[in-house]
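Work through the exercises below with the model open beside you. Each task is followed by a stepwise solution.

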Amino acid sequence: MYEKTFPNKRFKLTLEFLQKHITTAETILDLGVENPFSKIMKEAGFAVKNTTGEDLDLDQTVLKNEKTDVVTAFEIFEHLLNPFTILNEIKSDKLLISIPMRLWFSPAYRSKTDMWDRHYHEFEDWQLDWLLEKAGWKIIDRQKWTNPVKKFGIRPLLRSFTNRYYIVYAERA
């Protein structure tokens with residue numbers, strides 16, 4: 001997935017946000033298969049268990065059966081058809097979720113070779129906030145950041161000052 005680029009800025013800011021709100025004594029269920037960031041969380045001392053690749057739109061068994069202090073969902077909700085169902089099934093009282101934000105100058109992402117690597121949703125911040133609130137979560141903290149790229153052109157220029165990522169810490173209301 002990160003053959004050509006590694007999202008160092010995103011991973012650094014995500015880890016800082018996680019450490020601001022969650023202690024290493026708390027257990028984490030990270031939605032999605034083990035990935036470079038779940039490894040970073042473990043290296044930082046967090047007790048992390050990942051889901052195993054099941055289609056969470058169709059099967060929320062892991063959410064019903066796993067009792068952890070925190071659920072994390074980093075860059076996964078945009079791939080789900082029905083994130084509302086997942087949010088309702090979470091048994092933990094704490095949630096950290098990040099998404100790539102919808103950009104007016106860039107179409108929704110779709111890999112032509114990997115069916116799992118497609119965005120069904122392109123959220124704006126208010127849409128994620130509304131989804132969380134409707135599913136019974138109270139937003140405690142939020143942060144946005146840009147994703148500049150080292151290329152020339154109009155889109156790269158826009159990426160230098162347009163927020164691309166949105167992260168939220170929420171607790172069960």
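## Exercise 1: A residue at the end of a strand

Threonine 146 is buried, with a relative accessible area of 14%. The model is a predicted one.

**Task.** State where threonine 146 is found, and which side chain it joins in a polar contact of 3.0 Å.

**Solution.**
1. Check the burial class. Buried means under 20% relative accessible area. Threonine 146 has 14%, so it counts as buried.
2. Find the element. Threonine 146 is in strand E5, which covers residues 137-146.
3. Find the contact. The side chain of threonine 146 meets that of lysine 9 in a polar contact of 3.0 Å.

## Exercise 2: The sheet

**Task.** Give the strand order of the open sheet, and explain which strands stand at the edges.

**Solution.**
1. Write the order. The 6 strands run E2-E1-E3-E4-E6-E5, and the pairing is mixed.
2. Read the ends. E2 (47-50) and E5 each have a single partner strand, so one side of each lacks a neighbour in the sheet.
3. Add the twist. On average, neighbouring strands of this sheet are turned by 20° against each other, direction ignored.
4. Look at the pairing of E5. Strand E5 pairs with E6 (residues 163-172) in the antiparallel sense, over 9 bridges. Lysine 144 has tyrosine 166 in E6 as its bridge partner.
5. Add the helices. Helix H1 (residues 8-21) packs on the sheet and touches E1, E3, E4, E5 and E6. Its direction makes about 150° with that of E5. Helix H5 (residues 125-134) also packs on the sheet, touching E4, E5 and E6. The direction of H5 makes about 160° with that of E5.

## Exercise 3: Ring pairs

**Task.** A search of the whole structure finds 4 aromatic pairs. Describe the pair of phenylalanine 11 and phenylalanine 37, then the pair of tryptophan 126 and tryptophan 130.

**Solution.**
1. Take the phenylalanines. Their centres are 5.3 Å apart and their planes make 45°, a tilted pair.
2. Place them. Phenylalanine 11 lies in helix H1 and phenylalanine 37 in helix H2 (residues 36-43), 26 residues apart. Both residues are buried.
3. Take the tryptophans. Tryptophan 126 and tryptophan 130 are stacked, at 6.2 Å centre to centre and 25° between the planes. Planes under 30 degrees apart count as stacked.
4. Place these too. Both tryptophans lie in helix H5, 4 residues apart, about one turn of the helix. Tryptophan 126 is partly exposed at 45% relative accessibility, while tryptophan 130 is exposed at 52%.
5. Extend the search. Ring pairs link Phe11, Phe37 and Phe74 into a cluster.

## Exercise 4: Charged pairs

**Task.** The whole structure holds 9 salt bridges. Locate the partners of arginine 10, aspartate 141 and arginine 142.

**Solution.**
1. Arginine 10 pairs with glutamate 75, with closest N and O atoms 3.8 Å apart. Arginine 10 is in H1 and glutamate 75 in the loop between E3 and helix H4 (83-89), so the bridge ties parts 65 residues apart in sequence. Both residues are buried.
2. Aspartate 141 pairs with lysine 20 at 2.8 Å. The pair links strand E5 to helix H1, 121 residues apart. Aspartate 141 is buried at 17%, whereas lysine 20 is exposed at 58%.
3. Arginine 142 pairs with aspartate 129 at 3.4 Å, N to O. Here E5 is linked to H5, across 13 residues. Arginine 142 is partly exposed at 42%; aspartate 129 is buried at 13%.

How values were computed:
Residues are numbered from 1 along each chain as its sequence is written. This is a predicted model: local features need pLDDT of at least 70, side-chain atom pairs count only at pLDDT 80 or more; totals for chains, interfaces and linings use all residues. Side-chain values use heavy atoms; hydrogens and water are left out. Helices (H or I, at least four residues) and strands (E, at least two) are DSSP runs, numbered from the N terminus. Buried means under 20% relative accessible area, exposed over 50%, partly exposed in between (1.4 Å probe, protein chains only). A polar contact is a pair of N or O atoms within 3.5 Å; within protein, one must be able to donate a hydrogen and the other to accept it, and residues adjacent in sequence count only if both atoms are side-chain atoms. Two strands pair if DSSP finds at least two bridges between them. Axes are lines fitted to C-alpha atoms, for helices over the stretch in contact, and angles run from 0 to 180 degrees between N-to-C directions. Contact means heavy atoms within 4.5 Å. Rings of Phe, Tyr and Trp (its six-membered ring) pair if their centres lie within 6.5 Å; planes under 30 degrees apart count as stacked, over 60 as edge-to-face and the rest as tilted. A salt bridge is a side-chain nitrogen of Lys or Arg within 4 Å of a carboxyl oxygen of Asp or Glu.
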